[in-house]
Amino acid sequence: MAKAHPFYSLHRQGMIRAGVCTPIATAGDPAANAEAAIALAKAGDAENADLLVFPELNLTSYAIDDLHLQDALLDATEAGVAAIVAASATLKPVLLVGAALRRNGRVYNCALAIAQGRILGVVPKSFLPNYREYYEKRWFASGLGLSGLSIDVAGQSVPFGTDLIFAASDLSDFVFHAEICEDYWAPTPPSTAGALAGALVLCNLSASNITVGKARERALLSASHSVRTASAYLYSASGPGESTTDLAWDGQGEIYELGELLATSERFELTTEIVYADIDLERLRLERMRTGTFNDAAAAAGHPETRFRRIAFDHQSKFEDIGFRRKLRRFPFVPNTPSKLADDCYEAFNIQVEGLRKRIVATGAKRLVIGVSGGLDSTHALIVAAKAMDRLGRPRSEILGFTMPGFATSDETKANAWALMKALGVTGDEIDIRPAANQMLRDMDHPYASGEPVYDITFENVQAGLRTDYLFRLANQRDGFVVGTGDLSELALGWCTYGVGDHMSHYAVNSGVPKTLIQYLIRWTVQTGEFSGDTAEVLSRILGTEISPELVPADAEGNMQSTQDRIGPYELHDFFLHYTIRHGLRPSKIAFLALQAWQDSDAGSWPEGFPADARNQYDLATIAKWLETFLWRFFQTSQFKRSAIPNGPKVSAGGALSPRGDWRAPSDGVAKPWVEELRSSLP
């Protein structure tokens with residue numbers, strides 16, 4: 001059921017719905033082709049599309065050779081344009097259609113932007129292929145160098161030239177550019193200048209006959225161009241109905257955003273088709289804002305925005321809930337595609353191993369010192385250390401693992417810690433920190449020392465601090481350095497004890513890896529045989545253990561302290577973290593995306609191997625609650641910890657939080673602007 005509040009509108013969230021069309025062509029019949037285009041335009045309107053892209057020369061079809069130079073056909077083409085313009089008057093989508101048009105004694109292969117009964121402008125093709133099977137210079141004039149001109153078509157005098165971009169005056173960031181087929185096979189695609197001039201959506205009207213392997217080439221060009229220009233790239237190739245005198249056609253339609261494929265058509269289908277995707281324009285704009293090279297490229301090109309005409313149109317969006325057509329990863333740090341998951345896990349794990357290996361060589365350390373709790377983070381740091389020693393050809397016995405039971409250490413985690421150290425062949429030892437903790441609490445006159453069950457932050461941090469204090473002194477004593485175990489998620493939330501605590505180490509090998517990815521890295525090492533036998537068995541047990549700092553004794557029912565009960569689910573916090581530090585989105589936009597990703601556990605895909613009983617779902621109230629917690633902790637209370645973190649390798653493109661790397665922020669900042677934006681924007 002559609003919801004009335006503007007929060008639920010993808011337009012309110014800086015997005016549009018785009019469609020790539022594959023009509024059935026009729027060779028050399030503009031009237032029939034116009035009718036087919038109008039039918040698809042109406043279908044797109046019913047699906048609330050904002051922009052529809054058709055193939056090159058879809059009004060005549062492409063492969064008609066010398067018929068392109070026949071006045072009768074060109075007259076019929078203008079009549080077809082007029083019919084589409086008339087039909088568009090009551091339709092919402094902007095249409096990009098392809099037609100051959102006459103101007104000043106020449107014929108141009110053109111893209112026409114049409115919206116609500118108006119031709120916004122006409123863009124001629126710049127690069128005309130005239131090699132192998134192509135013969136376009138026989139029929140068409142190139143649009144290269146044409147700017148500031150106009151053309152009369154279908155009773156309207158409209159802008160004409162390669163200097164056009166189109167911008168909705170009432171929908172921020174909806175700015176698009178059109179190029180035609182060969183244009184993006186050229187070394188200098190016109191859309192590059194269009195992007196530098198401000199277009200966030202790049203559209204390609206293409207004919208492009210199919211040959212073996214060509215579909216992969218098109219995909220490569222579209223994906224790479226969308227990355228290079230920080231844009232969405234919409235590609236539409238001719239499909240069924242084109243003349244097959246000497247060529248064949250597959251109707252490939254694709255939508256990419258920042259290199260990610262959002263939608264693709266069924267090729268070689270004998271039906272008309274539109275594939276849709278909701279494009280995040282706000283994300284694209286923010287990507288350009290944070291990438292200084294984009295502006296440098298515009299400056300190097302003489303600032304194309306000074307040469308382009310920006311054609312305004314009123315899109316008249318109603319800011320309604322029209323649903324959501326976009327796949328979102330619940331775990332943005334973890335790919336959904338099995339092949340990518342394996343590749344990314346391999347890279348992430350080996351980034352950590354190589355980072356630690358280099359630090360061992362640089363320091364000349366004889367040993368590594370790690371506190372092993374039996375939890376996820378210390379487990380992962382330990383297996384990374386084991387592989388680093390393997391790579392150096394050194395015995396794992398030079399890794400010194402210490403389990404340090406405190407007041408709330410469970411038998412299960414302690415047993416797992418010992419089992420893991422034995423299985424890996426590291427040197428294990430145990431130091432009971434309770435006597436030292438009791439002494440410190442007595443010295444401080446803490447109520448716990450007098451028998452009162454007071455488990456405050458001091459009680460917790462006395463234990464956390466002692467563990468780290470022991471590790472540093474052990475490293476001094478045994479010619480080693482301390483390998484940190486804290487992860488990216490904990491750094492984001494400030495869920496670490498500052499200074500002499502788990503905040504500090506000599507090398508923070510996990511500091512670039514979020515909690516959700518650590519689970520997958522451990523699971524990957526088991527599935528791929530990086531570790532097998534007893535080690536694999538212990539790792540699998542640890543993956544099923546409740547995340548807990550184990551600093552407070554169990555309650556009357558025997559329930560142990562749960563980190564996620566206190567600060568919220570890490571799977572949500574990692575989602576919030578990604579869109580905050582990687583993309584800089586508004587909190588309400590992050591809430592909107594989180595709702596789309598997490599509101600239904602049965603919808604969408606889960607990463608391969610994700611346990612069925614752990615597939616959670618969250619409503620908006622829950623998402624908003626934990627997002628506000630995240631915002632407060634991230635922006636208000638924990639930056640001072642991140643401003644003083646030890647070295648550690650950046651792992652994910654989603655970001656890192658080192659002040660020497662991805663994230664620089666004041667330690668005394670406030671969360672107010674983010675919290676207020678969230679509260680004011682939600683239903």
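Thr525 counts as buried in the predicted model, because its relative accessibility is 0%, and buried status requires under 20%. The residue belongs to helix H13, which comprises residues 515-527. Beyond residues up to four places away in sequence, Thr525 touches Phe349, Ile383, Glu530, Phe531 and Leu539. Two of these partners recur in a helix pair: Ile383 of H8 and Leu539 of H14 both take part in the contact between those helices.

The packing of H8 against H14 was examined next. Two packed helices are described by the angle between their axes and the distance between the axes. Helix H14 spans residues 533-543, and its axis comes within 10 Å of that of H8, with a crossing of roughly 155°. Because angles over 145 degrees are classed as roughly antiparallel, H8 and H14 are therefore roughly antiparallel to each other. Their crossing is left-handed. On the H8 side the contact is made by Leu376, Thr379 and Ile383, and on the H14 side by Leu539, Ile542 and Leu543.

Helix H8 (residues 376-392) also lies across strands of a sheet, namely S16, S17 (399-403) and S19, and runs at about 165° to S16. The sheet is open and parallel, with five strands in the order S18-S17-S16-S19-S20. Its edges are formed by strand S18 (427-430) and strand S20 (507-508), each of which pairs on one side only. Within the sheet, strand S16 (residues 367-371) is joined to strand S19 (residues 480-484) by three bridges, and the two strands run parallel. In this pairing Val369 stands opposite Val482 of S19. Strand S19 is in turn joined to S20 by two bridges, again with parallel strands, and here Gly484 stands opposite Ala508 of S20. Strand S19 is mostly covered, with five of its five residues buried.

A further open sheet contains seven strands in the order S13-S12-S11-S10-S9-S8-S15, and its pairing is mixed. Strand S13 (260-264) and strand S15 (309-313) stand at the edges with a single partner strand each, so one side of each has no neighbour in the sheet. Neighbouring strands of this seven-stranded sheet are turned against each other by 25° on average, direction ignored. Strand S12 (residues 253-257) and S13 run antiparallel and are joined by four bridges. Tyr256 stands opposite Leu261 of S13. Helix H4 (residues 214-228) packs on the sheet and touches strand S10 (201-205), strand S11 (232-236) and S12, its direction making about 25° with that of S12.

Two loops associated with these elements contain non-glycine residues with positive phi. Asp173 is found in the loop between strand S8 (164-168) and strand S9 (175-180). The phi of Asp173 is near 75°, a positive value in a residue other than glycine. With a relative accessible area of 15%, Asp173 is buried. Ser208 is found in the loop between S10 and H4. Although Ser208 is not a glycine, its phi is positive, at about 55°. Ser208 is likewise buried, with a relative accessible area of 4%.

The nonpolar interior was then considered. The largest nonpolar core has 95 residues, of which Leu356 and Phe576 touch the most other members. Phe576 is in contact with Ile590, Ala594, Ile623, Trp626, Leu627 and Phe630, when its neighbours within four places in sequence are left aside. Another core, of 39 residues, lies apart from the largest one and includes Leu171, Val275, Ala277 and Leu284.

At the level of the chain, there are 20 helices and 20 strands. The C-alpha atoms fill a box of roughly 100 × 55 × 45 Å, taken along the principal axes. Of the 683 residues, 57% count as buried. Among contacts in the chain with a separation of 6 or more, 75% are accounted for by residues 24 or more positions apart.

Methods: Residues are numbered from 1 along each chain as its sequence is written. This is a predicted model: local features need pLDDT of at least 70, side-chain atom pairs count only at pLDDT 80 or more; totals for chains, interfaces and linings use all residues. Side-chain values use heavy atoms; hydrogens and water are left out. Two strands pair if DSSP finds at least two bridges between them. Contact means heavy atoms within 4.5 Å. Axes are lines fitted to C-alpha atoms, for helices over the stretch in contact, and angles run from 0 to 180 degrees between N-to-C directions. A nonpolar core is a set of buried Ala, Val, Leu, Ile, Met, Phe, Trp, Tyr and Cys residues joined through side-chain atoms within 4.5 Å. Buried means under 20% relative accessible area, exposed over 50%, partly exposed in between (1.4 Å probe, protein chains only). Angles under 35 degrees count as roughly parallel, over 145 as roughly antiparallel, 65 to 115 as roughly perpendicular and the rest as oblique. A crossing is left-handed if the near helix is turned anticlockwise from the far one by less than a right angle, and right-handed if clockwise.
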